[in-house]
Amino acid sequence: MAKMIIGGRLTDAQDGRTIEVLSPVDGKPFEQIPRGGTADIDLAVAAAQAALAGPWGKFTATERGRLLQRLGQKVLDHAEELSLLEARDTGKPMTTARNDIQVLARYLEYYGGAADKVHGEVIPFLNGYSVTLLREPLGVTGHIIPWNYPAQMFGRSIAPALAMGNAAVVKPAEDACLTPLRVAALALEVGFPEGVLNLVSGYGEEAGAALAAHPGINFLTFTGSNEVGVLVQQATARNAVKCVLELGGKSPHVVFADADIERAAPIIVRGFIQNTGQTCTAGSRLLVQREAYEQVVARVAELLAKVRVGTPEMDFDCGPLVNASQHQRVNRYVNNARAAGLPVLATGSLAAELPAGGYYVQPVFFGNVPRQDALAHEEVFGPVLAAMPFEDEADAIALANGTSYGLLAAVWTENGGRQQRVGKALRCGQVFINGFGAGGGVELPFGGMKKSGHGREKGFIALEEMSTTKTLVHYHG
Ligand code: NAD
């Protein structure tokens, strides 16, 4: 059975309760994890506080950075073991799982290298004074992460926090947390002091809610659904704790008639089938200028027809969805759209020999989706693409901005002026011009506008989010 990590010890839940982990491949149980709750979160927060008051609080930035880099190397040394674990837990194809483990290592290397490059400032003030702006850790940081990219999200969340000298308590998702649990155990082996990195597995309404509401945390970052994000923010607000929210998306590709369609089409397909569509930045809306609409959708449909779904070992383009409720959710959207008569332009195919009981779905591409349709607004979190035509630049911007989300967008055009105008007019945290980057991009500040959340992760900006300033005003005459 997998163990949690609290205060440097591998442990079960205080009350001994467990959760059965079901395999996405066949729906059968294959592992157990501790069902942590309030008592375990209390212990983890106390362990993190003790770590800050102990040797960890005296570590130099160079020492913290070195430990993170050592952990990055350790992850690379265990890459195949971790990739197999990640694939087994989430159902991802092996190639995707291997890539995710490389990205996890990159987060550890990147923030390890950055730890001692964060400087304070000297501020000119009155004669006789010296003013220094110091950058300091926030204290105990809480991290609630989802199941879609457990390894990547874990690295993205904890690496900047530890680089800045915080001590972390992580609540990974109950559906997929085996890789984070294993990496936290490896962190002890490379020499992270006890209590610096604590992981409490368990259900969101139990361990997650207890962490968000804990008066002992000084910061919380949450990645997950909009509904839970709002609950979490309410809980942290009661203790006046800063909260970063990384929520959902309905990201558009905006394709103008002059675009390089041969370059765009495979990237558009990858952008919505990646991780079987369970990606917050999935490019799930395809907006095409009317004169090129038929040509673009035909090319995308042609490529989608070659996409295959299988088990992680088959290593096709997509694996199963993560669990039964995701399976029901995606099928509901697809069945509703079919029942409403939306034209299916293409589907991917399921492998012939799939284990019974797995959560497999065919990727599907709907054309001429009405602008008010659920598929034009709601996050499916599955491999479903909705195409819509637009008339001109103004219409494209209105349509692209016309959802409550604002996470990521792509603009496809060869016109330099239009690239800049449209790129700047889109209300979202990242815009790609003639490209699309769902996931990865460790160096690139990332986060939402509107209902996609607030605060930024990735890049140097995460070091600012996960630290605070102190203004030291010194009168010396
Ligand atoms: P979720 O909100 O159900 O769960 C996310 C995490 O929150 C899990 O660890 C869960 O246990 C925990 N949780 C659940 N209820 C809780 C509660 N009441 N209090 C505290 N914690 C609780 O989301 P999900 O289904 O795991 O993930 C899918 C969503 O996440 C999608 O909307 C997706 O777009 C979003 N997402 C966003 C990003 C991003 O970076 N913006 C990345 C990945 C996923």
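Visitor: What makes β5, β6 and β22 an open sheet, and which strands stand at its edges?

Guide: In this predicted model, 3 strands form an open sheet in the order β5-β6-β22, with antiparallel pairing. β5 (121-123) and β22 (467-475) each have a single partner strand, so one side of each lacks a neighbour in the sheet. That puts β5 and β22 at the edges. From one strand to the next, the twist averages 25°.

Visitor: How do you know that β5 pairs with β6?

Guide: Pairing needs at least two bridges between the strands. β5 and β6 (residues 129-137) are joined by 3 bridges and run antiparallel. Therefore they count as paired. One of the bridge partners is Val-131 in β6, which stands across from Ile-123.

Visitor: Why are α1 and α7 called oblique?

Guide: Helix α1 (residues 38-53) and helix α7 (residues 204-212) pack at an angle of about 40°, with axes 8 Å apart. Roughly parallel means under 35 degrees, and roughly perpendicular means 65 to 115. An angle of about 40° fits neither class, so the two helices are oblique to each other. Their crossing is right-handed.

Visitor: Which residues make the contact of α1 with α7, and what are their classes?

Guide: Thr-38, Ile-41 and Val-45 in α1 meet Ala-207, Ala-210 and Leu-211 in α7. By class, that gives 5 nonpolar, 1 polar and no charged residues.

Visitor: Which residues of α7 are buried, and what do they pack against?

Guide: Ala-207, Gly-208, Ala-210, Leu-211 and Ala-212 are buried in α7. The buried residues of α7 pack against α1, β7 (140-144), β8 (167-171), β10 (219-223) and α8 (226-238).

Visitor: What makes α4 roughly parallel to α5?

Guide: The axes of helix α4 (residues 94-114) and helix α5 (residues 150-163) cross at roughly 5° and come within 8 Å. The cut-off for roughly parallel is under 35 degrees, so α4 and α5 qualify. From α4, the contact includes Asp-100, Ile-101 and Tyr-107. From α5, the contact includes Phe-154, Arg-156 and Pro-160. The contact residues divide into 12 nonpolar, 2 polar and 2 charged.

Visitor: Why is β18 called largely enclosed?

Guide: In strand β18 (residues 384-390), 7 of the 7 residues are buried, so the rest of the structure largely encloses the strand.

Visitor: How do you know that both faces of β18 are covered?

Guide: In a regular strand, side chains alternate between the two faces of the sheet. On one side of β18, Val-384, Ala-386, Met-388 and Phe-390 are buried. On the other side, Leu-385, Ala-387 and Pro-389 are buried. Both faces of β18 are therefore covered.

Visitor: Which strands pair with β18 in the parallel sense, and over how many bridges?

Guide: Strand β13 (residues 285-289) pairs with β18 in the parallel sense over 5 bridges. Here Arg-285 has Ala-386 in β18 as its bridge partner. Strand β17 (residues 364-366) also pairs with β18 in the parallel sense, over 3 bridges. Phe-365 stands opposite Leu-385 in β18.

Visitor: Why does Ala-87 count as buried?

Guide: Ala-87 lies in helix α3 (residues 79-90). Its relative accessibility is 1%. Buried means under 20%, so Ala-87 counts as buried. Leaving aside residues up to four places away in sequence, Ala-87 touches Lys-92, Met-94, Ala-97 and Pro-312. The C-alpha atoms of Ala-87 and Thr-179 are separated by 9.6 Å, with the two residues 92 apart along the chain.

Visitor: What is the phi of Asn-275, and what is the phi of Asn-368?

Guide: Most residues other than glycine have a negative phi. Asn-275 has a positive phi near 55° and is not a glycine. Asn-368 is not a glycine either, and has a positive phi of about 45°. Asn-275 sits in the loop between α9 (261-273) and β13. Asn-368 sits in the loop between β17 and α12 (374-377).

Visitor: Are Asn-275 and Asn-368 buried or exposed, and why?

Guide: Asn-275 has a relative accessible area of 7%, under the 20% cut-off, so Asn-275 is buried. Asn-368 has a relative accessible area of 45%. Exposed means over 50% and buried under 20%, so Asn-368 is partly exposed.

Note on methods:
Residues are numbered from 1 along each chain as its sequence is written. This is a predicted model: local features need pLDDT of at least 70, side-chain atom pairs count only at pLDDT 80 or more; totals for chains, interfaces and linings use all residues. Side-chain values use heavy atoms; hydrogens and water are left out. Helices (H or I, at least four residues) and strands (E, at least two) are DSSP runs, numbered from the N terminus. Axes are lines fitted to C-alpha atoms, for helices over the stretch in contact, and angles run from 0 to 180 degrees between N-to-C directions. Angles under 35 degrees count as roughly parallel, over 145 as roughly antiparallel, 65 to 115 as roughly perpendicular and the rest as oblique. A crossing is left-handed if the near helix is turned anticlockwise from the far one by less than a right angle, and right-handed if clockwise. Contact means heavy atoms within 4.5 Å. Ala, Val, Leu, Ile, Met, Phe, Trp, Tyr, Cys and Pro count as nonpolar, Asp, Glu, Lys and Arg as charged, and the others, Gly among them, as polar. Buried means under 20% relative accessible area, exposed over 50%, partly exposed in between (1.4 Å probe, protein chains only).
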